[in-house]
Amino acid sequence: MLNKTIASAPGKLMLFGEHAVIYGYPCIVTAVNQRIYVSVNKIKEKKIIISAPQLNTQEYQKDLSKIGKGDIPKEVKFIEIGLKNYRNKYSLPTGINIVTKSDFSSKFGFGSSSAVTVALIKALSTLFENKLSKKELFSICYKTVLDIQKAGSGFDIAAAIWGGTIYFISGGKVIKPLRIGEMPLVVGYTKVKADTSTLVRKVGDLYRENKKEISIIFSLIGDIVLKAKVKLISQDWKGLGKLMDINQGLLESLGVGSIELSKLIYAARSLGAYGAKLSGAGGGDCMITFTPNTKFGSIKKEITKKGGVALDVKTHAEGVKIEKA
Ligand code: MEV
């Protein structure tokens, strides 16, 4: 019988297709080599104890009978609602002590909430020797994200579970791993935290007011994703750069660009990147660029000069895994 398990799950970067993915179009996402670790152990008391030191949370406690009820601080929301959903679907036979540790800051927009949810459910199901398939894991984690955020395609959950680089359709209707080599990718963080729910709502309002026009934009983004999928497999970085620029133009027309993102995007383009775009909800967080290897150093420097932070990120990271059982 196990008493303690630790699971880890990777963060993600959206490569192509954000926002349109919510409306049924595909996207392409890669898992990154920055992980979140969740350790769970059984305790005698009938309660949960959550510590997330990097979020300044020490020993937040709740009785098992009250999980998911009352006020839940945002720092522990995904864990508590994840526990509730796990208990409702399976069972939580004992109290649990949970500790999280992260390789990355939750501010980058690398999907820390999804990664923590996936690592938690994987660790719990292993602790209670309840073998879940990837699809079952996806379903409970996606429900948790929807319970909290109300909207979302689940692409970040899929990246945390499957890892690698995947072609994805909302709700996990299609999750197709793509076999591609390391990408010549540079990531620039704007130092501005984006609020995904607000941006998704903003695009939703724009869509309702301009259904015909915005539908065309979503559909064009969908076409770009299909082209990008082929070009990623053939490693046509130049062609992919052009697609990034077009995708960025379409995202701008959805109103999710920002001055900080544009500064970094133009910095990369002006120094010879193949192309650049925002990654994720927009409004801040990160931009990504495919660039010739010889330009890596100068583009990173320019990103810093323009007020951003150049992040070293490796793509196609391994999906959720058990670190200790
Ligand atoms: C946010 O990182 C990407 C969006 O497409 C939301 C989602 O797919 O859940 C804007």
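The following legends describe close-up views of a predicted model.

**View 1. Residues surrounding the ligand in the predicted model.**
The shell around the ligand is formed by Lys-12, Glu-18, His-19, Val-21, Ile-22, Gly-152, Ser-153, Phe-155, Thr-196, Val-200, Gly-280 and Ala-281. By residue class, this shell divides into 5 nonpolar, 5 polar and 2 charged residues. The space that the ligand takes up is the largest pocket.

**View 2. Polar contacts of the ligand with His-19 and Ser-153.**
At His-19, a polar backbone atom is 2.9 Å from an oxygen atom of the ligand. At Ser-153, a polar side-chain atom lies 2.6 Å from a ligand oxygen atom. On its own, the ligand has 300 Å² of accessible area, of which the protein covers 94%.

**View 3. Surroundings of Cys-27.**
The structure holds 0 disulfides. For Cys-27, the closest cysteine sulfur is that of Cys-286, and because the two sulfur atoms are 17 Å apart, they are too far from each other for a bond. A disulfide would require the pair of sulfur atoms to be within 2.5 Å. Cys-27 is buried, and its relative accessible area is 0%.

**View 4. Surroundings of Cys-286.**
Cys-286 takes part in no disulfide. The cysteine sulfur nearest to that of Cys-286 belongs to Cys-27, at a distance of 17 Å. With a relative accessibility of 1%, Cys-286 counts as buried, because the term applies to residues under 20% relative accessible area.

Key. Residues numbered from 1 in each chain as written. Predicted model: local features only at pLDDT ≥ 70, side-chain atom pairs only at ≥ 80, totals over all residues. Heavy atoms only, no water. Near = heavy atom within 4 Å. Polar contact = N/O pair within 3.5 Å; in protein donor to acceptor, adjacent residues only side chain to side chain. Areas by Shrake-Rupley, 256 points an atom, 1.4 Å probe, with all protein chains shown as cover. 1 Å grid on protein atoms, 1.4 Å probe; cavity = no way out; pocket = protein on both sides within 12 Å on 5 of 7 lines; lining within 4 Å. Sits in = over half its atoms within 2 Å of the grid points. Nonpolar A, V, L, I, M, F, W, Y, C, P; charged D, E, K, R; others polar. Buried < 20%, exposed > 50% of the residue type's maximum accessible area, 1.4 Å probe, protein only.
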